[in-house]
Amino acid sequence: VMSIVGAQPFMKPMQQAASTSPGIQRRHTLPASEVRPLNTQDAISVFEIEREAFISVSGECPLHLDEVRHFLTLCPELSMGWIEEGRLVAFIIGSLWDKDRLTTEALTLHKPRGSTVHIHILAVHRTFRQQGKGPILLWRYLQYLRCLPTVRRAVLMCEDFLVPFYRKSGFKSLGRCAITVANLTFTEMCYPISGHAFMRRNSEAIRFPELPLTLPLTDTKESLDV
Ligand SMILES: CC(C)(COP(=O)(O)OP(=O)(O)OC[C@H]1O[C@@H](n2cnc3c(N)ncnc32)[C@H](O)[C@@H]1OP(=O)(O)O)[C@@H](O)C(=O)NCCC(=O)NCCS
């Protein structure tokens, strides 16, 4: 079972960012940008982005609203949302899987003892695309997974046109995915997660403030100056 200890390094920087920014606290404004795990209250915002990104295009989407709620209830620590001024602009939803390759069951199940993170969706709100946010959020998520001691790899299935996109983020193709959805076929892709990152984290070789995506992301100076 995913330990709460594992989830801590992800949440900690945000709490620190909030508590060490007196200007932001004083003005009671929403942080300009933050990255945090999603919860069931985010399900509608997630689904709105899915509706535009997938349903309007193909009539299908990776997760229906009840499935979004299902995973955000069972394994919220495997989700990540990018919020700008209180609005969800990009997100990832993952769950655990316990086999080498994805099968249809992986679309709906969370296997708490699995060592594979199945990334169900990465999506960016339409008006925030082509700004590098998708790759940044994915990178941040993969860094976070390295701090979860039982996670050995991340896998996803994508349509062939997105293979170069995921390759650039370090994923390797495993070939054709066994799953098909409404005549669509997919490539299965895998990202190995080093088994030693947890040890390095404990020895403080990984420091979250060094990540390029430190929080709050933008407008800090403006918020403090006004
Ligand atoms: C795919 C997606 C997550 C990319 O996020 P983004 O923030 O828009 O990414 P960027 O615009 O910074 O693109 C990064 C790279 O991916 C490529 N890329 C982005 N969308 C692409 C698409 N639809 N087809 C092919 N390549 C694409 C870009 O060309 C870019 O490459 P470059 O750096 O060489 O120019 C986003 O477009 C999206 O949410 N799409 C709809 C949902 C989706 O298809 N999700 C993935 C399947 S779960």
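## Salt bridges, and how many there are

A salt bridge here is a side-chain nitrogen of Lys or Arg within 4 Å of a carboxyl oxygen of Asp or Glu. Go through this predicted model with that rule and the count comes to nine salt bridges. Let's look at a few of them.

Start with Asp-42 and Arg-36, whose side chains meet in a salt bridge at 2.9 Å, N to O. Is Asp-42 buried or exposed? Asp-42 is buried, because its relative accessible area is 10%, and the cut-off for buried is under 20%. This pair has company, too: salt bridges that share partners tie Glu-34, Arg-36 and Asp-42 together into one network.

## Two bridges that start in helix α3

Next come Glu-48 and Arg-51, with a salt bridge of 3.0 Å, N to O, between their side chains. Both residues sit in helix α3, three residues apart, which is about one turn of the helix. Glu-48 has a relative accessibility of 41%, so it counts as partly exposed. Arg-51 also counts as partly exposed, at 40%.

Helix α3 takes part in another bridge, with Glu-52 and Arg-126 meeting at 3.7 Å, N to O. Which parts of the chain does this pair link? Glu-52 belongs to helix α3, while Arg-126 is in the loop between β4 (116-124) and α5 (133-145), so the pair links distant parts of the chain, 74 residues apart. Glu-52 is partly exposed, with a relative accessible area of 27%.

## How α3 packs on α4

Two packed helices are described by the angle between their axes and the distance between the axes. For helix α3 (residues 43-58) and helix α4 (residues 65-74), the angle is about 135° and the axes are 9 Å apart. That angle makes α3 oblique to α4. The crossing of the two helices is right-handed.

Which residues make the contact? From α3 come Ala-43, Ile-44, Val-46, Phe-47 and Glu-50, and from α4 come Leu-65, Val-68, Arg-69 and Leu-72. Sort them by class and you get seven nonpolar residues, two charged ones and no polar ones.

## Two prolines

Follow the chain past α4 and you'll find Pro-76 in the loop between α4 and β2 (79-84). Its relative accessible area is 25%, so Pro-76 is partly exposed. Pro-37 is 39 residues away from Pro-76 in sequence, yet their C-alpha atoms are 6.2 Å apart in space. If you skip the neighbours within four places in sequence, Pro-76 is in contact with Pro-37, Leu-38 and Phe-71.

Now for Pro-135, which is found in helix α5. Pro-135 is partly exposed as well, with a relative accessible area of 35%. Its C-alpha atom is 10.0 Å from the one in Val-124, and the two residues are 11 apart along the chain.

## A cysteine in strand β7

Is Cys-190 buried or exposed? With a relative accessible area of 12%, Cys-190 is buried. You can find Cys-190 in strand β7 (residues 187-192). Leu-156 is 34 residues from Cys-190 along the chain, but 6.6 Å separates their C-alpha atoms.

Leave aside the neighbours within four places in sequence, and Cys-190 has contacts with Arg-153, Ala-154 and Val-155, as well as with Gly-170, Phe-171, Lys-172 and Leu-174.

## Two residues with a positive phi

Most residues other than glycine have a negative phi. Glu-85 has a positive phi of about 45°, although it is not a glycine. Glu-85 is in the loop between β2 and β3 (87-97). With a relative accessible area of 57%, Glu-85 is exposed.

Asn-183 has a positive phi too, near 70°, and is a residue other than glycine. Where is Asn-183? Asn-183 lies in the loop between β6 (172-176) and β7. Asn-183 is exposed, because its relative accessible area is 80% and the cut-off for exposed is over 50%.

## Stepping back

Now zoom out to the whole protein, which has eight helices and seven strands. Of its 226 residues, 46% are buried. And of the contacts with a separation of 6 or more, 68% are between residues 24 or more positions apart.

Notes
Residues numbered from 1 in each chain as written. Heavy atoms only, no water. Axes fitted to C-alpha atoms, helices over the stretch in contact; angles between N-to-C directions. Helix = DSSP H or I, 4+ residues; strand = E, 2+ residues; numbered from the N terminus. Parallel < 35°, antiparallel > 145°, perpendicular 65-115°, else oblique. Left-handed = near helix turned anticlockwise from the far one by under 90°. Contact = heavy atoms within 4.5 Å. Nonpolar A, V, L, I, M, F, W, Y, C, P; charged D, E, K, R; others polar. Buried < 20%, exposed > 50% of the residue type's maximum accessible area, 1.4 Å probe, protein only.
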